[in-house]
Amino acid sequence: IWDQPAAMWGTNWDVLYGQLRKRVPDDRYLQGCDATGLEETNDGIVRVTLADGTMHVFDLVICADGYDSIGRRALYPDREIEYAGYILWRGLMPEMTVPDIEPFERGMVMGVYAFGHGFFYIVPGRSGGLATGERRLNWGIYQVVTDEEAANLLTDVNGVTHRTSVPPGAVSGGQIDYAHRLAKDHFPNFIADAVCATPDPFVQAIYDAEIPAYHKGRICVIGDAST
């Protein structure tokens, strides 16, 4: 419908993670540790309990643990996440597999249709490569669906219904065909071609949560954990 100038740059999770991770000394970074609980004591110390039973104490805890946040549940146990009424089809593909990359070179491409909108933009490659041929195309298509439809679309190739998302590689052939039809019926050909060329699309349900504050005492929640 229109072109709109914008100052922006696309990135992706593995590049962001790599840049942040290398700034944390290895002896301060614990991997493979599931936090199962946290509580603040009367003297202002926060105790974090791990799945193996070990406990760590801190002056401040920031919970950036996603939409199903343990931190949010600890602060506001009565605030549950709720299905927002729509899902998100997603894909991330090597640039060289995109049938026509040229339309995406001009910036973020967005398409609007009756059930939501789609977004498509180029991001760095897995190793951070920015040269032509090294990059990837990231895309997502939001779709309003009922609770029953969402349950069907979140059932993986093995018949297991997921509450939140079906990961790449577990999406059934029927689900992939559904996503292809969605793109073909509602978006320009160059977008539909990119969606249909994505080897491992996946789908997730969107949830919302409302909390009265982003911190209580010395425990904070940020990102998806907070909203």
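Two strands count as paired when DSSP finds at least two bridges between them. Keep that in mind as you explore these close-ups of a predicted model.

**View 1. Three strands, S4, S12 and S11, make an open sheet in that order.** The pairing in this sheet is mixed. S4 (61-63) and S11 (215-216) are the edge strands, each with a single partner strand, so one side of each has no neighbour in the sheet. Look for S4 beside S12 (residues 219-221): these two pair in the parallel sense over three bridges. Val 61 has Ile 219 of S12 as its bridge partner.

**View 2. Strands S1 and S2 form a hairpin.** S1 (residues 35-40) runs antiparallel to S2 (residues 46-50), and five bridges join the pair. One to find is Ala 35, whose bridge partner in S2 is Leu 50. Five residues separate the two strands, and in the turn Gly 44 has a positive phi of about 80°.

**View 3. Helix H5 (residues 189-196) has four buried residues to spot: Ile 191, Ala 192, Ala 194 and Val 195.** Seen down the axis of H5, they fall within an arc of 160°, so they line one face of the helix. These buried residues pack against strands S5, S6, S7 (116-123) and S8 (136-144), and also against helix H4 (173-186).

**View 4. Glu 95 sits in the loop between strands S5 (82-94) and S6 (109-113).** Is Glu 95 buried or exposed? Its relative accessibility is 5%, and buried means under 20%, so Glu 95 counts as buried. Leaving aside residues up to four places away in sequence, Glu 95 touches residues including Ile 101, Glu 105, Arg 135 and Arg 136.

Key:
Residues numbered from 1 in each chain as written. Predicted model: local features only at pLDDT ≥ 70, side-chain atom pairs only at ≥ 80, totals over all residues. Heavy atoms only, no water. Buried < 20%, exposed > 50% of the residue type's maximum accessible area, 1.4 Å probe, protein only. Contact = heavy atoms within 4.5 Å. Arc of directions from axis to C-beta.
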